Amino acid sequence: MKGNKYFYHWYYYTQSQKRGFIALLFVFFAVQLLLYLYDQQQFDIGGREGSVVEGQHKIQKEIDSLRLLQASKKDTIYLFNPNYLTDYKGYILELTPEELDRLFAHRAANHYVNSSLEFQRVTGVSDAWMAKYSRYFVFGNRRKNGSTTNYIGASTSKQKEKAKPIVIRDINAATIETLQEIYGIGPVLSKRIIEDRTKWGGYVHIDQVKFVYGLSEEVIALLLQQYAVLSPPQIVQIDLNNATVNDLKNIPYLNYYLAREIIKYRSLHGDFVNKEQLKEIEKIPLDKIHIISLYLEIRN
């Protein structure tokens, strides 16, 4: 082996030179290994990013298709009796607060509107509003063909006919038997209505029947046509500006969380000036505010 000149040259180097040469080789291979691992990692990241981007595009396409489907749907308005409009329903139908107040004042005097012409006279809505919504009016019993009284401006003899007065019964005096006279209400639903009425100590507003589980919109419409709150229960109104969480949580359709939000709103904004401010409270049921407000008062 000593005859090999390369072997001789290796032994010719000093120990420090040999160590330096070996260290250089080690560094070289280490750098190569790191470069290889880095390239492999970049490849994996690129693949994952591609998968993420592809997934995002897929999700976006699904969202776009759902938006197009939603945009293609038309708002459905069911036939309704305008005598029993609520604040929430009036808002949906683009009625102003002033127009609703005129209708509520008319109803508070125990008067009913029996035609589209009379509804416009009482509320003062425009002809454009009547043209858009009065086709959904129904007074008394719904006709089999689903037609309703025409809006003002239509020259028909039916519009001039005076509708028969509606006989309204007291919902707080209704029994299981009398409720079953309404088409669509059987023993189960009639019992459920009575139990719900008992739970609140009697209904303070006829709209409370809307929140009884299991009643269809058609059944509710018939109930609103034939029943009203003629003998409301005696309730002790709670001062909204001095009430505590415990006072508020027991009011129908409120709970501890909503009561706490009302108190929080009052602490941030000061005393309530009117009950309309309740609509600004997060998660409060807007369709029940007009009922909740009957249990409240604002004292100066």
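In which loop is Y253 found?

**Exercise 1. Locate Y253 and describe its setting.**

Before starting, note that this is a predicted model, in which local features need pLDDT of at least 70, side-chain atom pairs count only at pLDDT 80 or more, and totals for chains, interfaces and linings use all residues. Residues are numbered from 1 along each chain as its sequence is written, and side-chain values use heavy atoms, with hydrogens and water left out.

*Solution.* Step one is to place the residue: Y253 is found in the loop between helix 11 and helix 12, where helices (H or I, at least four residues) and strands (E, at least two) are DSSP runs numbered from the N terminus. Step two is to look at the backbone, where Y253 has a positive phi of about 75° although it is not a glycine. Step three is to judge the covering: Y253 counts as buried because its relative accessibility is 14%, given that buried means under 20% relative accessible area, exposed over 50% and partly exposed in between, with a 1.4 Å probe and protein chains only.

**Exercise 2. Describe K249, which is in the loop between helix 11 (245-248) and helix 12 (256-269), and name the residues that it touches.**

*Solution.* Begin with accessibility: at 33%, K249 counts as partly exposed. Next, consider distance along the chain and in space, since K249 and A259 are ten residues apart along the chain while their C-alpha atoms are separated by 5.3 Å. Finally, list the contacts (heavy atoms within 4.5 Å): not counting residues up to four places away in sequence, K249 touches L254, N255, Y256 and A259.

**Exercise 3. Work out how helix 4 (residues 97-108) and helix 5 (residues 116-123) pack.**

*Solution.* First take the geometry: the two helices pack at an angle of about 110°, and their axes are 8 Å apart. Here the axes are lines fitted to C-alpha atoms, for helices over the stretch in contact, and angles run from 0 to 180 degrees between N-to-C directions. Helix 4 and helix 5 are therefore roughly perpendicular to each other, as angles under 35 degrees count as roughly parallel, over 145 as roughly antiparallel, 65 to 115 as roughly perpendicular and the rest as oblique.

Then identify the residues that meet: E99, R102, L103 and H106 belong to helix 4, while E118, F119, V122 and T123 belong to helix 5. By type, the residues of this contact divide into three nonpolar, two polar and three charged; Ala, Val, Leu, Ile, Met, Phe, Trp, Tyr, Cys and Pro count as nonpolar, Asp, Glu, Lys and Arg as charged, and the others, Gly among them, as polar.

**Exercise 4. Determine how many of the residues of helix 5 are buried, and what covers them.**

*Solution.* Counting shows that six of the eight residues of helix 5 are buried, which leaves the helix mostly covered. These are S116, E118, F119, Q120, V122 and T123. What covers them includes helix 4 and helix 6 (127-133). Just past the helix comes G124, whose phi is positive, near 80°.

**Exercise 5. Trace the aromatic rings around W129 and Y133.**

*Solution.* Start with the whole structure, in which a search finds ten aromatic pairs. Rings of Phe, Tyr and Trp (its six-membered ring) pair if their centres lie within 6.5 Å, and planes under 30 degrees apart count as stacked, over 60 as edge-to-face and the rest as tilted. W129 and Y133 form a tilted pair, at 5.0 Å centre to centre with 45° between the planes. Both lie in helix 6, four residues apart, about one turn of the helix. In general, an α-helix has 3.6 residues a turn, so residues three or four places apart point the same way.

Continue with W129 and F137, which form another tilted pair, at 6.1 Å centre to centre and 50° between the planes. W129 and F137 are both buried, and Y133 is buried as well. To finish, ring pairs link F80, F119, W129, Y133 and F137 into a cluster; F119 is also one of the helix 5 residues that meet helix 4.

**Exercise 6. Describe N241 and its contacts.**

*Solution.* N241 is found in the loop between strand 3 (238-239) and helix 11, and at 9% relative accessibility N241 counts as buried. N241 and R266 are 25 residues apart along the chain, with their C-alpha atoms separated by 7.5 Å. Leaving aside neighbours within four places in sequence, N241 is in contact with R266, D271, F272, I298 and R299.
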